[in-house]
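Subject: Structure handover

Hello,

The sequence and the structure you asked about are below. My notes on what turned up follow after them.

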Amino acid sequence: MDVSSYIRRLFRRNLVQDLMAREWSGIQQFPLATQTKLLALLGTLKEKERDSLTVLVMGKSGVGKSSTVNSILGERAVIVSAFQSDVPRPVMVSRERSGFTLNIIDTPGIVEGGYVNDQTLELIKRFLLNKTIDVLLYVDRLDYYRVDNLDRQIVKAITESFGKEIWRKGIVVLTHAQLTPPDCLSYDDFFARRSEALVNVVDSVARLNKRDIQGHAVSVVLVENSSRCSKNDGEEKVLPNGTAWIPNLVETVTKVATNESKSIVVDQKLIEGPNANEKGKVFIPLILPFQYLFIKQVQKWIKDDIAKEPKSSWE
């Protein structure tokens with residue numbers, strides 16, 4: 001199958017998924033305390049006249065993107081296998097509850113061989129055509145102790161694809177959060193250092209200035225998708241610091257989705273990027289007068305030089 005045929009099939013499947021939203025029955029699998037919090041957050045969204053929410057999930061391979069999607073929904077909506085670290089193509093899962101539709105878009109890892117895979121990134125962008133991104137979940141692992149050039153490559157690729165405004169709708173999600181920190185650090189200190197390092201990469205690579213960051217600092221939340229996650233007295237999954245992480249993640253998503261920054265509409269212009277032929281056109285009205293004056297000045301210099309030249313004896 002050629003690429004164009006595959007993309008056409010992808011768009012048809014995408015359209016069918018847009019029209020079909022199953023009842024969010026997975027919410028009933030959560031403990032009562034978690035259900036109560038999630039339903040309250042859905043009520044908050046409806047109060048703000050939001051009847052739908054679209055969340056885009058991106059990041060490296062094998063960091064827990066699909067598992068996080070399943071954890072949020074309370075069901076195995078996306079297949080997760082030990083032999084396949086990522087979904088092979090973008091997929092949107094839609095769930096409806098009390099007139100509200102939650103769309104979560106899971107994506108393949110955008111890194112291959114230590115570099116951003118441009119083909120995968122292009123596939124994701126094409127899948128998102130005519131969709132509106134309300135929240136970006138940029139997923140990484142808490143137990144990756146350092147940031148490196150690959151992190152910068154990914155942030156740069158996302159920024160160039162969707163504009164730096166995407167980070168005003170961004171949340172850094174750190175998975176594998178049920179850990180014992182190294183070097184005798186407390187859990188909160190380790191989390192603070194790891195999150196600060198990643199947020200600094202986002203701020204610097206996306207070139208977010210103080211005005212961009214003010215009121216829109218990228219939030220960081222912790223996630224533990226494995227069955228070994230501890231539970232509190234209410235049977236909610238909790239982190240080592242006692243946070244019930246599923247309601248905390250959904251609450252953060254709600255806050256980011258309803259902040260004053262506009263959601264990102266993925267249209268053809270955004271996908272194709274700036275037209276190289278359009279670059280610099282704005283400067284043409286300024287360049288032409290300068291060019292005219294420069295030529296006039298050169299002509300004057302030539303005439304002056306000719307006038308200063310000594311005449312031959314036969315003239």
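Searching the whole structure for disulfides gives 0. For reference, a disulfide is a covalent bond between the sulfur atoms of two cysteines. Two of the cysteines are worth looking up on the display. Cys184 has a relative accessibility of 84% and counts as exposed, because anything over 50% is put in that class. Cys229 has a relative accessible area of 5% and is buried, because the limit for that class is under 20%. Please keep in mind that this is a predicted model, and that goes for everything below.

Overall make-up

The protein has 315 residues, and 45% of them are buried. Its secondary structure comes to 10 helices and 13 strands. If you take the contacts between residues at least 6 apart in sequence, 76% of them join residues at least 24 apart.

The largest pocket

Which residues lie nearest the centre of the largest pocket? They are Ser67, Asn70, Ser71, Asn225 and Ser226, out of a lining of 36 residues. The space in this pocket is about 580 Å³. Two elements give two or more residues to its lining, namely helix 3 (65-73) and helix 8 (245-257). Helix 3 gives the most, with 5 residues. Sorted by class, the lining holds 17 polar, 10 nonpolar and 9 charged residues.

Binding-site annotations

UniProt has two sets of positions under the feature "binding site", and the entry is unreviewed. One set consists of Gly62, Val63, Gly64, Lys65, Ser66, Ser67, His176, Glu224 and Asn225. These positions are spread over 164 residues of sequence, yet they cluster in space, with a largest C-alpha distance of 13.9 Å. The lining of the largest pocket takes in Gly62, Val63, Gly64, Lys65, Ser66, Ser67, His176, Glu224 and Asn225.

The other set from the UniProt entry, also given as "binding site", is Ser66 and Gln84. The lining of the largest pocket includes Ser66 and Gln84 too.

Some details on three of the annotated residues:

- Gly62 sits in the loop between strand 2 and helix 3. Its relative accessible area is 31%, which makes Gly62 partly exposed.
- Gly64 is also placed in the loop between strand 2 and helix 3. Gly64 is buried, at a relative accessible area of 17%. Setting aside neighbours within four places in sequence, Gly64 is in contact with Val139, Thr175 and Asn225.
- Ser66 belongs to helix 3. With a relative accessible area of 6%, Ser66 is buried. Not counting residues up to four places away in sequence, Ser66 touches Val78, Val80, Val87 and Asp106.

Of the contact partners of Gly64, Asn225 is itself in the UniProt "binding site" set.

The cavity

How many cavities of 30 Å³ or more does the structure hold? There is 1. The largest cavity has about 150 Å³ of space. It is lined by 14 residues, and those closest to its centre are Leu53, Ile72, Leu102, Val250 and Val253. The elements that give two or more residues to this lining are helix 2 (32-47), strand 2 (52-59), strand 4 (100-106) and helix 8. By class, the cavity lining has 13 nonpolar residues, 1 polar residue and no charged residues. Helix 8 therefore appears in both lists, as an element that gives two or more residues to the lining of the largest pocket and to that of the largest cavity.

Backbone points to check

Two residues other than glycine have a positive phi and may be of interest when you look through the loops.

- Asn130 has a phi near 70°. Asn130 lies in the loop between helix 4 (118-127) and strand 7 (132-133), and at 65% relative accessibility it counts as exposed.
- Glu235 has a phi of about 65°. Glu235 is in the loop between strand 11 (230-231) and strand 12 (237-238). Its relative accessible area is 47%, so Glu235 is partly exposed.

Regards

Methods
Residues are numbered from 1 along each chain as its sequence is written. This is a predicted model: local features need pLDDT of at least 70, side-chain atom pairs count only at pLDDT 80 or more; totals for chains, interfaces and linings use all residues. Side-chain values use heavy atoms; hydrogens and water are left out. On a 1 Å grid over the protein atoms alone, a cavity is a set of points where a 1.4 Å probe fits but cannot get out, and a pocket is an open set with protein on both sides within 12 Å along at least five of seven lines; lining residues have an atom within 4 Å of a point. Grid points are joined across faces, edges and corners, and a volume is the space filled by probe spheres set on the points. Helices (H or I, at least four residues) and strands (E, at least two) are DSSP runs, numbered from the N terminus. Ala, Val, Leu, Ile, Met, Phe, Trp, Tyr, Cys and Pro count as nonpolar, Asp, Glu, Lys and Arg as charged, and the others, Gly among them, as polar. UniProt positions are given in the numbering used here, feature names are shortened, and annotations may be inferred rather than shown by experiment. Buried means under 20% relative accessible area, exposed over 50%, partly exposed in between (1.4 Å probe, protein chains only). Contact means heavy atoms within 4.5 Å. A disulfide is a pair of cysteine sulfur atoms within 2.5 Å.
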